[in-house]
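Colleague: Hi! Could you open the model for me and talk me through a few spots in it?

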Amino acid sequence: MIFRRKARALVADPFVPVTPTIPRPRPPESVMVRENPERARVRSERRLKFTAGCFLVGFAVIGMKMGAISASEAREPRTGGLAGAGIVSARADVTDRHGRVLATNVNAVALYAQPHLMVDPEQAAEGLAAIFPDMSVETWTRRFTSGSKFYWLKGNISPEQQQAVHDMGEPGLLFGSREMRVFPNGPLASHILGGARYGAQDVRAAEIKGIAGVEAVFDDYLSDPTREGAPLRLSIDLSVQAALERVLHSGMNLMNAKGASAILMDVHTGEIVSMASMPDFDPNDRPMVLTTGDRGDDPLFNRAVQGVYELGSTFKIFTVAQSLELGLTNAGTMIDTKGPLRQGRFRIRDFHNYGPRLSVTDVIVKSSNIGTARMALAIGAERQQDFLRSLGFFEATPVELTEAPGARPIVPQRWPDISTMTISYGHGLSASPLHLATAYASVLNGGTRVTPTLLAQDGAPTPGPRIVSSRVSAEARHMLRQVVTRGTASLMEVEGYQVGGKTGTADKPSPTGGYYDDKTITTFAGMFPAQNPKYVIVVTLDEPEINAAGEQRRTAGWTAVPVASEIVRRAAPLLGLRPDFDAGVDAFGAYLTQAAVTD
Amino acid sequence: MRSLLYALSIAAVVGLAFWAYGEGYETRQTEREVARLEREIGTRHQELSMLRAEWAYLNRPDRLHELAEMNFESLGLIPLAPDHFALADQVGYPPPAAEIVAVEPAAPLDEAVGDIVIMTHRFGADAEPRLIAPPTLADDGEQLP
């Protein structure tokens, strides 16, 4: 009341009609006829009613639908069509590159007990002990009568055991359905596949989780329901893998080696066609990790990926390729190989004395440490490091295995001249055989970097960054070919497949410091066919020793090379490579033609 | 006229109701059938994956290798080697059909093979000759292992 304002008196009425000073034109006659206001009112009322009716109907429909939804019972949406029916297992298969199964699921049964439902717990325990010899009557009688309501008894039982438990007729013993991960090929490709175990489990189902290898890396991918069970296709070829493992295993026994590994890689795509490490294991029954002794002797240890070794003279081709690429030398340049070569307090020797001079080709063919060391000094530490880095020797391989990221190469912290010299022939830098295979593929395929992979690649490979020119790559291949025809790898000759490669023998470092005199790691790394390479092969034997030609032999030429040669003899026909017995394919011209084609 | 219209529309309503009722039942029946078929497809898929696993298990390279060695006398299978490749014109095609003479069927395996077969072909790097027993058959006639 107090705050009420007084209405302000208007000064003048604003709506007073004003007579226009300029006369307006008269509007047309039709507008002048004013509509009957009653009719206009009726029409607008009709329109309003119509609009209101539309709203009413809309709201009624929505309301009825809401009512229907709230009144009806909730139901799971059904998968439409056949797409949904295709999903049968929780985890997709793993296949090789031709679709042959490497890992799949089968239905299995788990056994559990609910003691409060049991008719006669003592008899149940006795019956179970009769079916499962590892179950003790006392323990299970005690557990069944302890008042607990739930026990897992067995993760997987066979149909016969299930029938036997059924026949006991005990209502407190119940079965849960399971899917079991099965690796039908047993120990074949075990290090690649890894293994699987049960994760969270329930009486209705259990989750399968990968422990190692591709099963662990692709865990989410394999159990992704949106992929509708499409299998994971690896680059492995099952029959080649079987042949390679068979040869490698018998070779390891023949050479009295305690371990061995082999890698067969596509030289252009980096696909690992076959990779094995001995000793191996059965992924269906994966052993426990060794807790005593050397971790490197564990069957679970993948030597091809995790084992970092000094790979010896196989590195020489990198030094030579870089020297050729930089234009410091050509294949015929003579290198001073007078020995021993002194550097500070170190002396570098050759296995034999090769005389005062060798051509660059012969430095590779005869495997001269002194010659390679001199070439490396001319290259210099910085450029050598850059070259090795571009080949991937400074980081872990990106291959799709859980073990791979942990296997970093061991490179020296500082890089004095002596390191430049020793690394030029493969000592002082430790890397895995997979690093070596990748680097060989990158240098020899025409000179573009490849990335190692375990997944099958479709379509044309995309070339990586250029490492060396295709001309240098061809010259390097020709040199490696001569290592086989007239050098340290003479046992490597496989009729029809012109294999070229380099041997490497490195003394094993002893854990107490220094090197063993009588323990070596021998390596053969090469490619075939040399003039137009398709595959790279790396074979490594751990502590081989063989009595051949009247002597104890520990060098690669006598140990790793015969094994690698047998692998090529067996694997190359399986890979569909047609042998070429024409003598002309080995002429240097064939290499240059190939280099011109890839340019 | 009007009564006729009424009668016709009532008949139409009754007819349509009858049709809709039948249609509803048919739909539910079809839904049940679809669900049953989907379940069956699911079980078939299960069986298929089981059979695929079994196929993979029976065709594992180790088993095939051992079977090839067991039946070496009759099959003569050895690992593929580079000298097994040939040109198409090197293949000795069979003579024209008229000249083919009937051959005696080969003797059954257990007669052809003595107690012990000496394998002389090489496996691996210069393997020793291997002694291999003649094939043992399981109760159902399948060859082990």
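Colleague: Where does Gly464(A) sit?
Modeller: Keep in mind that this is a predicted model. Gly464(A) falls in the loop that runs between helix H16 (433-444) and helix H17 (470-486) of chain A.

Colleague: Buried or exposed, or something in between, for Gly464(A)?
Modeller: Partly exposed, because 15 other C-beta atoms lie within 10 Å of Gly464(A), and buried would take 20 or more.

Colleague: Which residues is Gly464(A) in contact with, leaving aside its neighbours within four places in sequence?
Modeller: Thr448(A), Arg449(A), Val450(A) and Thr451(A).

Colleague: And how many Å apart in space are Gly464(A) and Thr520(A)?
Modeller: The C-alpha atoms of that pair are 34 Å apart, with the two positions 56 residues apart in sequence numbering.

Colleague: Let's move to Tyr309(A). Which strand is Tyr309(A) found in?
Modeller: Strand S10 of chain A, residues 309-310. Tyr309(A) is buried, because 23 other C-beta atoms lie within 10 Å.

Colleague: What is Tyr309(A) in contact with, sequence neighbours within four places aside?
Modeller: Ser430(A), Ala506(A), Ile521(A) and Thr540(A). You could also look at Ser432(A): its C-alpha is 6.1 Å from that of Tyr309(A), although the two are 123 residues apart in sequence.

Colleague: Switching topic: what does the domain assignment of chain A give?
Modeller: Domain 1 is made of 90-114 + 150-233, and domain 2 covers 240-598. Their centres, taken over C-alpha atoms, are separated by 39 Å.

Colleague: How many residues does each domain put into the contact?
Modeller: Domain 1 of chain A supplies 20 residues and domain 2 of chain A supplies 18 residues. On the domain 1 side, the elements giving two or more residues are helix H7 (190-193), strand S6 (206-212) and helix H8 (213-217) of chain A. That side of domain 1 divides into 12 nonpolar, six polar and two charged residues.

Colleague: What about the largest nonpolar core, how many residues does that have?
Modeller: 121 residues, and Val536(A) and Ile567(A) are those with the most contacts inside it. Both domain 1 and domain 2 of chain A give residues to this core, so it lies between them.

Colleague: What does Ile567(A) touch, not counting residues up to four places away in sequence?
Modeller: Leu244(A), Val247(A), Leu248(A), Ala262(A), Ile537(A) and Val539(A). There is also a second, separate core of 11 residues, with Ala110(A), Ala124(A), Leu128(A) and Trp140(A) among them.

Colleague: Now chain B. How many residues of chain A are in contact with chain B?
Modeller: 39 residues of chain A meet 23 residues of chain B. On the chain A side, helix H3 (81-85), strand S2 (101-113), helix H10 (238-254) and helix H18 (560-574) each give two or more residues.

Colleague: Which of them gives the most?
Modeller: H10(A), with nine residues. By type, the chain A side has 21 nonpolar, 11 polar and seven charged residues.

Colleague: What does UniProt have for residues 48-68 of chain A?
Modeller: An unreviewed UniProt entry annotates that span as "transmembrane region". In the model, residues 48-68 of chain A are 100% helix and 0% strand, and their end C-alpha atoms lie 30 Å apart.

Colleague: Last topic: backbone oddities. Which residues does a cis peptide bond join?
Modeller: One joins Met278(A) and Pro279(A), with omega about -5 degrees. Pro279(A) is in the loop between strand S9 (272-278) and S10 of chain A. The bond from Phe528(A) to Pro529(A) is cis too, with omega near -20 degrees, and Pro529(A) lies in the loop between strand S17 (515-528) and strand S18 (535-542) of chain A.

Colleague: And which residue has a positive phi although it is not a glycine?
Modeller: Asn256(A) is one of them, at about 55 degrees; Ser367(A) also has a positive phi, of about 60 degrees. Most residues other than glycine have a negative phi.

Colleague: Buried or exposed, those two?
Modeller: Asn256(A), in the loop between H10 and strand S8 (259-266) of chain A, is partly exposed because it has 13 C-beta neighbours inside 10 Å. Ser367(A), in the loop between helix H12 (360-366) and helix H13 (369-379) of chain A, counts as buried because it has 29 C-beta neighbours inside 10 Å.

Technical notes:
Residues are numbered from 1 along each chain as its sequence is written. Chains are lettered from A and ligands numbered from 1 in the order in which they are written. This is a predicted model: local features need pLDDT of at least 70, side-chain atom pairs count only at pLDDT 80 or more; totals for chains, interfaces and linings use all residues. Domain bounds come from an automatic or database domain assignment. Two residues are in contact if their C-beta atoms, placed from the backbone, lie within 7 Å. Helices (H or I, at least four residues) and strands (E, at least two) are DSSP runs, numbered from the N terminus. Ala, Val, Leu, Ile, Met, Phe, Trp, Tyr, Cys and Pro count as nonpolar, Asp, Glu, Lys and Arg as charged, and the others, Gly among them, as polar. A residue is buried if 20 or more other C-beta atoms lie within 10 Å of its own, exposed if 12 or fewer, and partly exposed in between; C-beta atoms are placed from the backbone. UniProt positions are given in the numbering used here, feature names are shortened, and annotations may be inferred rather than shown by experiment. A nonpolar core is a set of buried Ala, Val, Leu, Ile, Met, Phe, Trp, Tyr and Cys residues joined through C-beta atoms within 7 Å.
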